[in-house]
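Biologist: Please put the model on the screen, and let's talk through the labels that go with it. I'd like to hear the reasoning behind each one.

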Amino acid sequence: MKGKALTVLLAATVVLFVAGREPARGRPSANDGPAPGTAVVKGIAKFEGSRPAPTHINMNADPSCAKLHPGGLVSEDVLASPEGGLQNVVVFVSEGLGDRTFDPPPQPVTMEQKGCVYAPHIVSLRANQELDIVNNDATTHNIHPAPSNNREWNKAQAPGTRVDATFAREEIAIPLKCNIHPWMRSYIAVFKHPFFAVTDKAGNFELKNLPPGDYTIEAWHEKLGKSIQKISVSAGGTKELEFVFKSTAGH
Amino acid sequence: MHSRKSILWMFLAAALLALPSSAMAQKVEGHVGKLNGHVDAGKQLYFRYCWGCHGFRGDGNGENAPYLNILPRNFVSATFKCRSTPTGTLPTDEDVFNAITRGFYTTYMPSWTALTHQQRADLVVFIKTLSTRWTKEKAGEPVKVPAEPALTTDGIKRGKELFAKLECWKCHGQEGRGDGPSAATLTDSNDQPIRPYNFAAGTRFKCGETNQDLYKIFMTGLDGTPMPSYGEQIKPEEAWDLVHYLRTLQVTHNSAELALWQGTKEGAEIVKAAKITGTPTGSGIKQ
Ligand SMILES: [Cu+2]
């Protein structure tokens with residue numbers, strides 16, 4: 001984490017404003033178009049520059065893990081597509097919602113341990129939303145979050161059992177580790193509002209149903225740091241953003 | 001020499017005026033048995049005996065801290081190893097009192113039995129003013145410790161199976177020497193290397209000497225260290241079996257458990273082998 005050889009630079013900001021777009025009709029939901037009178041912020045996170053050499057994970061400490069990865073495994077620190085799309089960037093509204101409050105959804109978010117790796121690598125959820133942690137390995141793990149704004153705890157998890165957790169306060173992001181398997185490391189991003197996304201394999205993200213207003217949008221990457229952009233959105237609008245994370249590795 | 005001392009006193013006086021805010025101090029109380037802790041008395045004691053290591057703000061960054069390889073407790077983050085309460089919760093006042101009383105074996109934290117019970121209770125309250133957690137959260141509900149069942153060979157054998165099944169050996173080693181395959185990579189929450197407890201060396205437990213204390217360690221976990229809580233994973237009777245087995249791993253420490261185990265053929269062979277192999281301070285790991 002510390003002493004990172006990479007720094008982040010916010011490069012070009014491409015802001016396209018598509019005015020007067022017809023709002024989608026019907027009940028808003030996560031998979032629907034935007035709710036009437038709201039805006040969409042979408043775009044891409046990109047990685048530029050020389051790529052860090054992939055870090056091979058040494059699973060010798062636990063043969064039961066190693067045998068599930070006959071071809072070996074590299075760490076998920078920096079995952080960029082051939083086109084430069086950067087995966088696992090957390091994009092979210094960091095300012096501009098005022099004192100609006102949002103109830104957490106009742107359905108839990110699931111995180112799986114399989115092959116002694118966390119899936120997904122970045123968990124994003126709401127404050128006080130339940131996180132179901134599943135152990136589908138034949139080995140015991142321990143679930144050990146290291147928060148700075150939430151409680152630290154540490155629970156053993158035998159094969160086939162579940163650990164349920166909630167985090168009370170917003171924190172981007174809580175490092176999660178397993179002490180038994182030191183390569184197991186992921187992050188849990190906890191939000192007090194629903195306007196967040198984690199970029200997919202191509203680096204794409206989309207924030208829906210944003211009330212019209214002025215916002216700060218932040219993009220956070222576990223190794224490459226963070227960058228912010230300030231935007232305004234109006235009802236029915238779509239704003240496109242590009243976040244560029246630059247590598248200075250190998251200079 | 002003299003001037004240095006007076007500068008120190010001036011600094012101390014400034015410290016006493018500056019920290020902590022009395023408004024915050026008033027919200028926090030501390031009770032240990034019949035004793036009521038007093039914040040102001042605790043503050044005086046803290047800035048006499050504790051701040052050199054635990055720091056001016058209680059963040060564990062005292063002037064001695066850079067010289068300590070196990071960092072002093074950070075009272076601001078308020079994560080405590082030895083608790084009677086579940087993982088992630090604040091300890092009880094008694095837990096903090098007991099920690100001050102007992103000290104932390106293998107660290108620089110001495111036993112403070114030279115202070116009176118009242119003084120230790122005063123320190124407990126003052127320590128609670130150093131983190132806002134104590135005003136926002138209540139101490140956890142202490143984990144219930146059911147009566148210890150009678151010691152039996154079968155119980156020890158069940159405990160031995162659990163030690164394998166729960167994979168305690170991944171860190172503590174097959175013989176409990178603290179040399180399991182994951183031992184070398186362990187770090188605490190300050191990213192400092194930390195060694196798993198070596199049962200064979202027979203050193204004192206950090207969180208108390210009794211079987212009840214040992215029971216609590218794996219039902220609550222040692223927060224801030226790699227030792228997790230098994231509270232949701234094992235039943236009370238299983239935890240007792242494990243306690244009885246772990247005592248037999250302390251081959252240099254006479255106990256009823258060790259005596260019973262050595263009285264069996266299987267146990268005698270295992271204990272004999274454990275005493276011969278390795279050194280009492282552990283094998284693979286540098287001290
Ligand atoms: Cu693990």
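Biologist: Why does Cys50(B) count as buried?

Modeller: Its relative accessibility is 12%. Buried means under 20% relative accessible area, exposed means over 50%, and partly exposed is in between (1.4 Å probe, protein chains only). So Cys50(B) ends up in the buried group. Bear in mind that this is a predicted model, where local features need pLDDT of at least 70, side-chain atom pairs count only at 80 or more and totals for chains, interfaces and linings use all residues, while side-chain values use heavy atoms, without hydrogens or water. Residues are numbered from 1 along each chain as its sequence is written, and chains are lettered from A and ligands numbered from 1 in the order in which they are written.

Biologist: What makes the sulfur of Cys50(B) and the closest cysteine sulfur fail to bond?

Modeller: Distance! A disulfide needs two cysteine sulfur atoms within 2.5 Å. The closest sulfur to Cys50(B) is in Cys53(B), 9.0 Å away, so that's too far for a bond. Cys168(B) is in no disulfide either: the nearest cysteine sulfur, in Cys171(B), is 9.1 Å away. Cys168(B) has 12% relative accessible area, so it is buried too.

Biologist: How do you know that Cys82(B) and Cys207(B) form a disulfide?

Modeller: Their sulfur atoms are 1.9 Å apart, which meets the 2.5 Å limit. The link is left-handed, with -70° about the S-S bond. It joins distant parts of chain B, since the two cysteines sit in different loops, 125 residues apart: Cys82(B) between helix 3 and helix 4, Cys207(B) between helix 8 and helix 9. Helices here are DSSP runs of H or I with at least four residues, strands are runs of E with at least two, and both are numbered from the N terminus.

Biologist: Why is the disulfide of Cys65(A) and Cys116(A) called left-handed?

Modeller: Because the torsion about its S-S bond is about -65°. The pair links Cys65(A) in helix 1 to Cys116(A) in the loop between strand 4 and strand 5 of chain A, 51 residues apart. Cys65(A) is buried at 0%, and so is Cys116(A) at 1%.

Biologist: On to the metal. Which protein atoms are the donors of the copper ion?

Modeller: Donors are N, O and S atoms within 2.8 Å of the metal (3.2 Å for Na, K and Ca), and water isn't among the atoms, so a site may look incomplete. Here they are ND1 of His141(A), SG of Cys178(A), ND1 of His181(A) and SD of Met184(A), lying 2.0 to 2.7 Å from the copper ion.

Biologist: Why is the arrangement around the copper ion called irregular?

Modeller: Its four donor atoms subtend angles of 90 to 138°. Tetrahedral needs all angles between 85 and 135 degrees; square planar (four donors) and octahedral (six) need opposite donors over 155 degrees apart and all others between 65 and 115; anything else is irregular. The 138° angle breaks the tetrahedral range and doesn't reach the 155 degrees, so irregular it is. His141(A) lies in strand 8 and Cys178(A) in the loop between strand 11 and strand 12 of chain A, so the pair ties together parts 37 residues apart in sequence. His141(A) is buried at 0%, and Cys178(A) is buried at 1%.
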